[in-house]
Amino acid sequence: MNNDICSKIRFYRDQLPPEGILVAVSKTKPAEMIRVAYDCPHRDFGENKVQEMKAKHEVLPADIRWHMIGHLQTNKVKYIAPFVWLVHSVDREKILREIDKQAAKHGRVIPVLFQLKIAREETKFGLTEADYEALLDAYEEGRFPHVRLTGLMGMASLTDDTEQIRREFRGLRRKYEALQNRFPGIRYLSMGMTGDYRLALDEGANIIRIGSGIFGARDYGH
Ligand SMILES: *Cc1c(COP(=O)(O)O)cnc(C)c1O
């Protein structure tokens, strides 16, 4: 199994642009499996639930870079604020305010991505165009001094229509480039999962989030 996980990690990392990051999405998988990937070596892991990330953080090496990729509840931010490396899933002002507040308590500046709604489905989280613009204005006013915006994240529609997926990724790429022209330090475009990472890389992603492609299928319901 070691060889398997390590060769899969290598397979994805080999396709990244220089400075690109492979987030190995370890949600629902046991800490022992993360340890195997850690020893490959690999350092970037993604989780979508606060309690699970916190529990794994406590039993695994401290130099792991933990990526929060799931929808966050405000009352739980405090549990990951001391250590989270990058929050990909800022999808409303309230959560940005809470991350800022908790980061301040720990004397940190937490790097974040704004998650934009790019999929057609109604169920996907993410900022709408209008909310995104409003949040950028608030950020520019300096209202979140303990948060550093470093880029954008998006999830494409779950569809076999590759042109549709491409269009969604391309739209996010354009917003990313506009953001780079507006703020310093914008360097991450997080898009692409196991099913669509290749399209995402073609459209300019420099962070991909791969779960089942590395660790195998998850149980139904996740
Ligand atoms: C689960 C998850 C992934 C990884 O999904 P796979 O299809 O297993 O690669 C990526 N991004 C987010 C936000 C997720 O929740």
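Where is K27 found? K27 is in the loop between strand 1 (21–25) and helix 2; helices (H or I, at least four residues) and strands (E, at least two) are DSSP runs, numbered from the N terminus.

Before going on, a word about the model. It is a predicted one, where local features need pLDDT of at least 70 and side-chain atom pairs count only at pLDDT 80 or more, while totals for chains, interfaces and linings use all residues. Residues are numbered from 1 along each chain as its sequence is written, and side-chain values use heavy atoms, with hydrogens and water left out.

**K27 and its surroundings**

K27 counts as buried because its relative accessibility is 16%; buried means under 20% relative accessible area, exposed over 50%, and partly exposed in between (1.4 Å probe, protein chains only). The C-alpha atoms of K27 and G211 are separated by 7.7 Å, although these residues are 184 apart along the chain. Helix 2 covers residues 31–38, and six of its eight residues are buried. Those buried residues are A31, M33, I34, V36, A37 and Y38.

**The ligand**

Which residues surround the ligand? They are V25, K27, I69, M155, M193, T194, R209, I210, G211, S212 and R218, where a residue is near a molecule if one of its heavy atoms lies within 4 Å of it. This shell divides into five nonpolar, three polar and three charged residues. Here Ala, Val, Leu, Ile, Met, Phe, Trp, Tyr, Cys and Pro count as nonpolar, Asp, Glu, Lys and Arg as charged, and the others, Gly among them, as polar.

The table lists atom pairs that involve an oxygen atom of the ligand.

| Protein partner | Distance to a ligand oxygen |
|---|---|
| K27, side-chain N or O atom | 2.7 Å |
| T194, side-chain N or O atom | 2.5 Å |
| S212, polar backbone atom | 2.8 Å |

On its own, the ligand has 390 Å² of accessible area, and the protein covers 90% of that; such areas come from the Shrake-Rupley method with a 1.4 Å probe.

**A buried histidine**

Now let us visit another residue. H88 lies in strand 4 (residues 86–90). Why does H88 count as buried? The reason is its relative accessibility of 0%. The side chain of H88 makes a polar contact of 2.9 Å with that of H67, and another of 3.0 Å with the side chain of S190. A polar contact is a pair of N or O atoms within 3.5 Å; within protein, one must be able to donate a hydrogen and the other to accept it, and residues adjacent in sequence count only if both atoms are side-chain atoms.
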